[in-house]
4 protein chains.
Amino acid sequence: MKTDFFSGIEPAQYKGTDSTDPLSFRYYDKDRKVMGRRMEDHLRFSAAYWHSFTWPGSDPFGGETLNRPWMHGDDAMELARQKADVAFDMFELLGVPYFAFHDIDVAPEGGSLREFNANLNAIADIFESKMQSSGVKLLWGTANMFSHRRFMSGAATNPDPDVFAYACGQVKAAMDVTKRLGGENYVCWGGREGYETLLNTNLKQELDQLGRFLSMLVEYKHKIGFDGPILIEPKPKEPTKHQYDYDVATVYGFLSRYGLLDDVKVNIEQNHAILAGHSFDHEVRLAYALGIFGSIDINRGDDLLGWDTDQFAMNVPEIALLMHEILKNGGFQTGGLNFDAKIRRQSIDPQDLLIAHVASMDACARGLLAAEKMLEDKALEGPLADRYAGWSEPEPQAILAGERSLEEVAMKGLETSPQPRSGRQEYLEGVLNRYV
Amino acid sequence: MKTDFFSGIEPAQYKGTDSTDPLSFRYYDKDRKVMGRRMEDHLRFSAAYWHSFTWPGSDPFGGETLNRPWMHGDDAMELARQKADVAFDMFELLGVPYFAFHDIDVAPEGGSLREFNANLNAIADIFESKMQSSGVKLLWGTANMFSHRRFMSGAATNPDPDVFAYACGQVKAAMDVTKRLGGENYVCWGGREGYETLLNTNLKQELDQLGRFLSMLVEYKHKIGFDGPILIEPKPKEPTKHQYDYDVATVYGFLSRYGLLDDVKVNIEQNHAILAGHSFDHEVRLAYALGIFGSIDINRGDDLLGWDTDQFAMNVPEIALLMHEILKNGGFQTGGLNFDAKIRRQSIDPQDLLIAHVASMDACARGLLAAEKMLEDKALEGPLADRYAGWSEPEPQAILAGERSLEEVAMKGLETSPQPRSGRQEYLEGVLNRYV
Amino acid sequence: MKTDFFSGIEPAQYKGTDSTDPLSFRYYDKDRKVMGRRMEDHLRFSAAYWHSFTWPGSDPFGGETLNRPWMHGDDAMELARQKADVAFDMFELLGVPYFAFHDIDVAPEGGSLREFNANLNAIADIFESKMQSSGVKLLWGTANMFSHRRFMSGAATNPDPDVFAYACGQVKAAMDVTKRLGGENYVCWGGREGYETLLNTNLKQELDQLGRFLSMLVEYKHKIGFDGPILIEPKPKEPTKHQYDYDVATVYGFLSRYGLLDDVKVNIEQNHAILAGHSFDHEVRLAYALGIFGSIDINRGDDLLGWDTDQFAMNVPEIALLMHEILKNGGFQTGGLNFDAKIRRQSIDPQDLLIAHVASMDACARGLLAAEKMLEDKALEGPLADRYAGWSEPEPQAILAGERSLEEVAMKGLETSPQPRSGRQEYLEGVLNRYV
Amino acid sequence: MKTDFFSGIEPAQYKGTDSTDPLSFRYYDKDRKVMGRRMEDHLRFSAAYWHSFTWPGSDPFGGETLNRPWMHGDDAMELARQKADVAFDMFELLGVPYFAFHDIDVAPEGGSLREFNANLNAIADIFESKMQSSGVKLLWGTANMFSHRRFMSGAATNPDPDVFAYACGQVKAAMDVTKRLGGENYVCWGGREGYETLLNTNLKQELDQLGRFLSMLVEYKHKIGFDGPILIEPKPKEPTKHQYDYDVATVYGFLSRYGLLDDVKVNIEQNHAILAGHSFDHEVRLAYALGIFGSIDINRGDDLLGWDTDQFAMNVPEIALLMHEILKNGGFQTGGLNFDAKIRRQSIDPQDLLIAHVASMDACARGLLAAEKMLEDKALEGPLADRYAGWSEPEPQAILAGERSLEEVAMKGLETSPQPRSGRQEYLEGVLNRYV
């Protein structure tokens, strides 16, 4: 280890289900094969720079609690390097194969965009070296275009075209760095692409600005040969009252409107899903149905709170359904499970950071194993196929294929007297409980 | 009047703002000109058959309270005729130019779809005559394909193709009747087009079924020469856990996916908007921005309750913003303000039904007058134009027109140092308060 | 079995965790000892008459789906007897030791309160005999004073004193029958004790009416020697906009205000808890802290829906925390786990009713076993005791005992420089995951 | 004016309803008599130090936007003095008769509690002088015991008794200063008196700690002869998952449990009310019914967002109902309307701060005038008295007085056949609309 932040702590090991060591894995055994693929290759865990290394523990009613040494000092670049050392220490202690970052997580903004870009590239040099030595890869990069005052009214959707131009400058640099570091995706989160009040908002104009911005980014991606997809991360609100990337369905409509369906997909977060009124499973399943599934920000919100708590995912039944969906669709392609999760602000010990990741990685591994077993047993897929079996018949297939008119089918309807069949929800809930 | 249900009550008249008579209008003066059009022609009020005449006052924990005479008797067709008499009495007492109905609101289902269709047409004969004598027109018709047991797992999205066929038979008849009565729109509300649990749901299959169903309906509409648009009514949940027509943005994506943008628009309801986490104003404005605005179900939900309360709209500031949006876009085309609202189950006196409509019509008229004044003064539109003025310049216009690459704009971004400008939200809220 | 409703189905048996039979138990082994008490005696399961036998499958947008034979016929008392036969068949197939009912669930209301009371007692005669032969006991009885039209504006809180008197007549009969059948508790749920709008509500008057009503009931309980507690069931809303028994804390204040803390406790329901913004665990723990814990209505709501879905409880982690709390406090006294849960309206097969109960009983048993193990290991209690250890010292104890003034403690405060300690939330979440 | 922060702006004047000057009052005419009392004396406006002068414009996803000059500099006490100058400039420009503050709003914490207390008293010296010259009075003071890291696990409810002691030291100083400055109330907001997870929380222990803390404060208040009430400010959540002062009903139960009903009342905030699932009107009315009404934090939340937005109150209908309630109960005693409201973070111009207050003061004045008129006309009180008239009869009065047993009333109930009467909700909503 480069630093003594986690001093005395050994890399987390798989120790089996009897282990009570909170820094060991009970289920995550990275080389274990699941449906022919190593667990590590299925789960593709990624540690997130921002929550773990740049958030000081503040909330709207309180300040810093975590007191990280790399947050206090005069030489911003030196602090950034210290932070990078601790970050890679953590990646190695956890054994995660990926990490992800925003530009401002890793490098100081300095006094101008030029200086920021230079700082970012200087840190990228360090990352390159650390990535090579550690084997840790970049799941994705992104640009934070919502925290600074200049973005208070949005970045791409700002009423001021100069802010739009500034955002172009910033996003280009972040994309360049992501490509240089071999990032497998590029993510956009529209934290201020929305509004506080419709009284001062030209909704249509702002949507067009956002569509144009994304289109330009797609063109640039192709130009520089960045292979991975661009991912939009849906979120309905917070910080703004309304965000344009509300949920998966909204993003689909947006991409369709601006001709972006081939190049842009979604990065789905559990906490954002529930803020939009959807289950995590719904958002993932809908993204697959619409052909825009990309990646996952794995965390959990509090069902009784109305803001983004970004807690570590610990709910095995929910994760099992997530992994069931992903496995059923062939597993991740470029995406992975990125820990967009933060420890509670009272979890101030360095080891809390590790314990949280280990516990959540284990919950994900357990969910994966449950999903594998459910798929092997066709526990859910079997009853599902039975339920819709009628649609496999020739006449219903002809209807779906567009070969029947309303009148033709209506005539048939006059002759039917359909009898309801049980939806068997409780039976299926009981089945699920056998696996989780 | 044909019946004595409202006996002793005179038609509601405009009596000016000093009136304290709850059966008079204080603002709604139907011939008064607003931006060159009569108030009646702007507001295009429609009374809804179901809430006013078919709902017995029940809720999930209690039964009938309203005890309407036409709900108790052995001869279903005779009761349906009595109901029609009372309904048209009410339309005339209120002076509403339109009404709207579901098929099962007006005619008994009988023992088969054939019998139902016959009943429906028999009532339509009565309606034709009443509409001619009263001058009341049909804003829209629709088919209720969610209340009967056969639709418990959906109509178009049912796992059983026979139910789909039955639904085709029912919707065709409803469309035919709507056309015959000169309906200006045809509405679809997918009350069970959704799911209770994903455990038993093939999401993609169901979306495809729904897309096919709508497409067939569109083809049929063209075939029979029905001029008005088909309107989908977004609602996120209730009765089901999740409904496919979640909100305006979701419907847009759906219409885009299935190639229906030219023929299908939305009928927006306030209560559905807030259940989806949106303001009424948001949904209306978004529908205009996306080119799919159709009509309004005017009511209000309770912001603190999680179900559809369908209360009469009384909130003048909210209605003023609605009318501002509609006026700004040239006023209703085929749509109108349909009272998808029900009196509280404790409002058991016949006159409560009239008082509720009158009070809400008046709130709408007041909102219309406020909107007219705001537009005349450019109270909101002026500051809005100022805020986005920068985008009218040639270079930003070129960006929006797709004539600039990310790199070109990024270069410009390196030279800018944008200065934030106040969003002036409180100023605008104060301005709004001058008008409402 | 008396009826053939569940024909061909055998009583549910414990078959161990490998069983895939949905009508067998995998964890619920009623004679297994848990902390010295049989599982059956710990869990004290109760089947609820209303959801299972009186609800037709309707929801606000749809009618009957379940088509139970005892709901259709002319002789109301004969139907009530058939229903009782099926109910006791189910109790025996499930092996539940208790049941619970509202008066109107079991007997027809007839044309007057006198007739209703007579019907109720006639059914009670049947129950007495069935209870004796089956060994099934009565967990509690209650009066439904919210469904009938006369209660539309409340029962005890009605603006009309005649309704209050009627409610007295009805509740007295229900209490009498509950005593006669050896009911171990008497429950009050104030379904309409609240308001739809404050505009027509005298809040203080209604609270006083409710306080008086409860006081009279307590006096009567003592007079007739009913031993069990009266239980209030908190619920924040639905059917009304606001209900006076909002949550546990509100009920505590109410009982305190009207001097009822010795005789009235709470019956807590998961779905009501989350509608009030609380976790189930919170409500239970608070009730114990305030000394008013009584019993549980075991079910679950949908975190993303705003109404009472009353689904069968299947969430093992949540139930484990519930049982942990109950075991820690010595287990149920007069209370139990009453299935205030209904099958989904699409679960129309008779066996769905059994499968739902079996699956939920099993989830409860699994939660109980997890709780036992956590308590044995002091998995949660150990860290909790450590965290508050400072308060066991003499000086903090003196503060809590009221032996120190603000000034004295403030002086001490001037000398301290308290150092925060980690709250260890993620560690504890990981610990919990080891048990569930 | 002492500073040039608001340079060029004149004190806000009443200019009548035709005024379009956003820095003038259209309704607030402070000397106008309303029910025999000057508007200023009715509304008792108070400006809040924290939102207006200490909040930098940050939110969970973004930093400072407001860039106030007094937030940047090395000499903390000098900055505090500058801030005080600007604050009193604002108080005078607005013409508010009161202000309110937290200790850390006005003085730097320094390196120890002793130093903080000294700083606080030094600023209090300045306040004394400014209050004398300006005539602005102190509505209340309070201690911020939630922002600093030491309070991350609560102040009075901290697991560490040293933090409790520290809190005693801090609250004593804040109470002393409040008394010295003639504060008319002392407020407690338990920002961290709650929990993040029950897994690490001893709920009963924490409630007892909080009860003891309040009791000590009450004793101290009496000892030093502080005349005003202590006010608890209910809030259900945020920053913590659950706060012990959830809502008015919860606070009532708490005060009752710990014997504090004589000395402690509530300070009710609109935004906190809706976060708890209640209307503002409900919380105010309940506080009056329970005898614990104290004061108001006047602001508004966003009904569609799940966090505390603290926007300026602009909703006239809601304010009219608030003022109706307060006027009906004789008007404020020690309480007032404190602007616990912040401008949006995009409202960065100094004048936005003034415009927001002026617009909200005007909305309050308009609500007051509407309430006066409604009371004069008995618009709401008349129908309310009619609705409950039955309870004024001797027999119902005897029931309420505890002079009748359940059996006696039940006998009467057997003879009644109560007939429901309309609740007239829509009528009353229409009436309200005549006034607002």
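In the predicted model, A:Glu269 is buried, with a relative accessible area of 1%. This residue belongs to strand β10 of chain A, which spans residues 264-269. Leaving aside residues up to four places away in sequence, A:Glu269 touches A:Glu233, A:Phe280, A:Asp297, A:Asn299, A:Asp308, A:Asp310 and A:Asp340. A polar contact also joins the side chain of A:Glu269 to the side chain of A:His272, at 3.2 Å.

A:Glu269 is one of the positions to which UniProt, in an unreviewed entry, assigns the feature "binding site"; the record lists A:Glu269, A:His272, A:Asp308 and A:Asp310. These positions are spread over 42 residues of sequence, yet they cluster in space, with a largest C-alpha distance of 10.3 Å. Two of the contacts of A:Glu269 given above, A:Asp308 and A:Asp310, are themselves in the UniProt list.

A:Asp310 is located in the loop of chain A between β11 (293-297) and α11 (316-328). The residue is buried, with a relative accessible area of 4%. Apart from residues up to four places away in sequence, the contacts of A:Asp310 are A:His51, A:Glu269, A:Asn271, A:Asn299, A:Arg300, A:Asp340, A:Ala341, A:Lys342 and A:Arg344. A:Asn299 and A:Asp340 appear among the contacts of A:Glu269 and also among those of A:Asp310.

Aromatic rings were examined next. A pair of such rings is described by the distance between the centres and the angle between the planes. Over all chains, the search of the whole structure yields 116 aromatic pairs. In one of them, formed by A:Phe88 and A:Phe99, the ring centres are 5.3 Å apart and the planes stand at 65 degrees; an angle over 60 degrees counts as edge-to-face, and the pair is therefore placed in that class. The pair links distant parts of the chain, with A:Phe88 in helix α3 (residues 76-94) and A:Phe99 in strand β4 (residues 98-102) of chain A, 11 residues apart. A:Phe88 is buried, with a relative accessible area of 2%, and A:Phe99 is buried as well, with a value of 0%.

A pair in chain C has another geometry. The ring centres of C:Tyr195 and C:Tyr244 are 6.4 Å apart and the planes are at 55 degrees, so this pair is tilted. Here too, distant parts of the chain are linked: C:Tyr195 is in strand β7 (residues 194-195) of chain C, and C:Tyr244 is in the loop between β9 (242-243) and α8 (248-257) of chain C, 49 residues apart. C:Tyr195 and C:Tyr244 are both buried.

In chain A, ring pairs also build up a cluster, which consists of A:Phe5, A:Phe6, A:Tyr49, A:Phe53, A:Trp70, A:Phe88, A:Phe91, A:Phe99, A:Phe101 and A:Phe127. The edge-to-face pair of A:Phe88 and A:Phe99 thus has both of its members in this cluster.

Charged groups are also found over rings. A:Arg424 lies over the face of A:Tyr427, at 4.1 Å from the ring centre. In chain B, the charged end of B:Arg424 sits over the ring of B:Tyr427, with 4.1 Å to the centre.

The arrangement of chains B and D was then compared. A turn of 180 degrees, with a shift of 0.0 Å along the axis, lays chain D on chain B with an RMSD of 0.0 Å. The two copies are therefore related as by a two-fold rotation axis. Within chain D, the C-alpha nearest the axis belongs to D:Asp303, 3.0 Å from it. Of the interface residues of chain D, 100% are also interface residues in chain B, so the copies meet through the same surface.

Key: Residues are numbered from 1 along each chain as its sequence is written. Chains are lettered from A and ligands numbered from 1 in the order in which they are written. This is a predicted model: local features need pLDDT of at least 70, side-chain atom pairs count only at pLDDT 80 or more; totals for chains, interfaces and linings use all residues. Side-chain values use heavy atoms; hydrogens and water are left out. Rings of Phe, Tyr and Trp (its six-membered ring) pair if their centres lie within 6.5 Å; planes under 30 degrees apart count as stacked, over 60 as edge-to-face and the rest as tilted. Helices (H or I, at least four residues) and strands (E, at least two) are DSSP runs, numbered from the N terminus. Buried means under 20% relative accessible area, exposed over 50%, partly exposed in between (1.4 Å probe, protein chains only). A charge sits over a ring if NZ of Lys or CZ of Arg is within 6 Å of the ring centre and within 35 degrees of the ring normal. Copies are superposed by least squares on the C-alpha atoms of residues with pLDDT of at least 70 in both. Contact means heavy atoms within 4.5 Å. UniProt positions are given in the numbering used here, feature names are shortened, and annotations may be inferred rather than shown by experiment. A polar contact is a pair of N or O atoms within 3.5 Å; within protein, one must be able to donate a hydrogen and the other to accept it, and residues adjacent in sequence count only if both atoms are side-chain atoms.
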